[in-house]
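The following exercises ask the reader to work through a protein model one site at a time. Each task is followed by a solution in steps.

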Amino acid sequence: MKLFDVYPVNDINIVRANGSYVWDEKGVQYLDMYGGHAVISIGHTHPHWVQRIEEQLNKIAFYSNSIQIPIQKELAEKLGKLSGKEDYPLFLVNSGAEANENALKLASFHTGRKKIIAFNKAFHGRTSLAVAATDNKNIVAPVNETDNVVFLPFNDEAAIENYFQEHGKEVAAVIIETIQGVGGITVATNSFLQKIRSLCDDYVAVLIADEVQCGYGRTGKFFAMDHAGVKADIYTMAKGMGNGFPIGGILIVPHFQPKHGLLGTTFGGNHLACAAALAVLEVIEQDNLIQHAQELGEYLKDELNTMDGIQNVRGKGLMIGFDVPEEIKDLRKQLLQEHHIFTGEARPNVIRLLPSLALSRTEVDEFLSALRMAVGMLSSEHKVQECDATKVQ
Ligand SMILES: Cc1ncc(COP(=O)(O)O)c(C=O)c1O
């Protein structure tokens with residue numbers, strides 16, 4: 001039996017993981033600066049997380065949402081406390097796309113409207129509404145195409161103001177990543193987010209913060225939108241929430257009225273997923289990981305800013321990106337193959353760093369010294385090639 005071949009994969013078989021390191025079948029150690037795509041929040045196989053899941057597994061793993069599941073309420077309470085959104089009820093799902101799908105649907109139910117504003121280079125997932133609000137034609141199937149979604153330029157206050165002036169009464173929701181991930185680590189300005197908030201207030205539209213990648217403490221605040229002092233009506237979450245155990249959720253502003261049957265899912269909020277998510281929040285709280293992400297991220301960014309050869313370092317906390325110039329375009333490959341370091345990418349030329357929030361200063365220094373070496377090596381190779389080319393001419 002073959003797998004449906006949709007992922008371009010590295011020829012590496014990871015069989016073991018601990019903290020910010022993973023090992024392949026031959027015992028080769030890799031530093032994980034990618035966090036399995038921003039998913040590993042408290043570190044691979046964290047002992048408290050493993051123990052919580054094991055204990056829950058031995059009691060009950062799953063029962064449907066037709067019964068009382070007290071661990072869901074425990075999770076909602078802890079999440080409310082850590083995020084500072086105590087009054088926002090929680091609806092649990094299984095993935096980021098599903099979180100956004102439900103958020104968009106809820107916004108439409110609530111307002112009775114159809115139009116959604118999304119932004120250029122946005123990524124919100126691959127289910128039908130989430131993908132329609134994603135700015136990548138290659139992954140939108142004909143059946144997902146809709147006139148209900150409009151894409152506006154990111155950080156362009158005049159453009160969104162004009163749109164609202166013309167069509168504001170039709171707008172159900174604005175959905176935005178405060179820091180675009182797949183789009184290349186582009187940070188929304190505080191004043192752009194404040195402008196969106198005030199337009200949503202004026203026109204009674206719903207502001208959805210897609211915090212699937214930038215949320216859950218990664219940027220040094222629980223939600224990336226918190227940096228702007230702006231409150232969303234719906235926060236969507238997934239990646240870091242379960243540290244690798246599939247779980248997603250949406251936090252919903254208290255004045256939205258629930259109704260039985262309005263939303264629903266079979267697997268969302270199962271006992272095992274809630275145990276994993278609670279373990280994550282307990283570790284985040286106990287080890288002060290949000291502040292740690294902020295401080296370590298500052299250090300990492302400052303160091304990157306002093307480095308020759310890479311450009312345009314940006315991001316917040318442990319969500320950092322930089323541009324890789326054409327002459328060292330193989331940098332990411334070099335880091336993986338020669339230095340055994342996983343990093344993320346955003347096409348065409350961005351390296352994304354999305355490590356565990358429990359990354360240590362020593363691990364950052366290990367990364368920086370490998371990066372210096374890799375940049376130096378590729379730059380000198382390029383100079384030699386240039387020199388050879390001049391000689392030939
Ligand atoms: C900002 C954002 N939203 C939504 C998603 C979709 O999440 P999932 O792959 O869990 O459906 C992603 C995934 O990369 C994302 O980065």
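**Exercise 1. Locate Thr 236 and describe its surroundings in this predicted model.**

Step 1. Thr 236 belongs to strand β11.

Step 2. Is Thr 236 buried or exposed? The relative accessible area of Thr 236 is 0%. Since buried means under 20%, Thr 236 is classed as buried.

Step 3. Next, consider the polar partners of the side chain. The side chains of Thr 236 and Asn 100 are joined by a polar contact of 2.8 Å. A further polar contact, at 3.4 Å, links the side chain of Thr 236 to that of Asp 210.

Step 4. Finally, list the contacts, leaving aside neighbours within four places in sequence. Thr 236 then touches Ala 99, Asn 100 and Ala 103, the run Ile 208, Ala 209, Asp 210, Glu 211 and Val 212, and also Gly 249 and Ile 250.

**Exercise 2. Characterise the shell around the ligand.**

Step 1. How many residues surround the ligand? There are 13, and the closest are Gly 96, Ala 97, Asp 210, Gln 213 and Lys 239. Asp 210 is also the residue whose side chain makes a polar contact with that of Thr 236.

Step 2. Sort the shell by class: three residues are nonpolar, seven are polar and three are charged.

Step 3. Which helix gives the most to the shell? Helix α4, residues 96–111, does so with three residues.

Step 4. Examine the backbone atoms that face the ligand. A polar backbone atom of Gly 96 lies 2.8 Å from an oxygen atom of the ligand, and a polar backbone atom of Ala 97 is likewise 2.8 Å from a ligand oxygen atom. For Phe 123, a polar backbone atom is 3.5 Å from a nitrogen atom of the ligand.

Step 5. Consider the surface of the ligand. Taken alone, the ligand exposes 390 Å², of which the protein buries 81%.

**Exercise 3. Determine the setting of Glu 101.**

Step 1. Glu 101 lies in helix α4, the helix that gives the most to the ligand shell.

Step 2. Is Glu 101 buried or exposed? With a relative accessible area of 17%, and with buried meaning under 20%, Glu 101 counts as buried.

Step 3. Apart from residues up to four places away in sequence, Glu 101 touches Thr 127, Ser 128, Leu 129 and Ala 130.

Step 4. Compare sequence with space: Glu 101 and Ala 133 are 32 residues apart in sequence, and their C-alpha atoms are 9.7 Å apart.

**Exercise 4. Account for the placement of Ser 356.**

Step 1. Ser 356 is part of the loop between β17 and α11 (361–392).

Step 2. Ser 356 is buried, its relative accessible area being 2%.

Step 3. What does the side chain of Ser 356 reach at 3.4 Å? The partner is the backbone nitrogen of Gly 43.

Step 4. Beyond four places in sequence, the residues that Ser 356 touches are Ser 20, Ile 40, Ser 41, Ile 42, Gly 43 and Leu 318.

Step 5. Ser 356 and Gly 244 are 112 residues apart in sequence, with a C-alpha to C-alpha distance of 11 Å.

**Exercise 5. Identify notable backbone geometry at Pro 348, Asn 243 and Asn 312.**

Step 1. Which kind of peptide bond joins Arg 347 and Pro 348? The bond is cis, with omega about 5°. Pro 348 lies in the loop between β16 (344–346) and β17 (350–353).

Step 2. Asn 243 has a positive phi, near 55°, although it is not glycine. This residue is found in the loop between β11 (234–237) and β12 (248–252), and Asn 243 is buried at 2% relative accessible area.

Step 3. Asn 312 also has a positive phi near 55°, but Asn 312 is found in strand β13, residues 311–316.

**Exercise 6. Describe the nonpolar cores.**

Step 1. Nonpolar side chains tend to be buried together in soluble globular proteins.

Step 2. Which members of the largest nonpolar core touch the most other members? Among its 110 residues, they are Leu 304, Leu 331 and Phe 367. Helix α8 (residues 271–286) gives the most to this core, with twelve residues.

Step 3. Take Leu 331 as an example. Neighbours within four places in sequence aside, Leu 331 contacts Ile 310, Phe 322, Val 324, Ile 351, Leu 371, Ala 374, Val 375 and Leu 378.

Step 4. Another core, of seven residues, lies apart from the largest one; its members include Ala 38, Ile 179, Cys 214 and Met 319.

Technical notes. Residues numbered from 1 in each chain as written. Predicted model: local features only at pLDDT ≥ 70, side-chain atom pairs only at ≥ 80, totals over all residues. Heavy atoms only, no water. Core = buried A, V, L, I, M, F, W, Y, C linked by side-chain atoms within 4.5 Å. Buried < 20%, exposed > 50% of the residue type's maximum accessible area, 1.4 Å probe, protein only. Helix = DSSP H or I, 4+ residues; strand = E, 2+ residues; numbered from the N terminus. Contact = heavy atoms within 4.5 Å. Near = heavy atom within 4 Å. Polar contact = N/O pair within 3.5 Å; in protein donor to acceptor, adjacent residues only side chain to side chain. Areas by Shrake-Rupley, 256 points an atom, 1.4 Å probe, with all protein chains shown as cover. Nonpolar A, V, L, I, M, F, W, Y, C, P; charged D, E, K, R; others polar.
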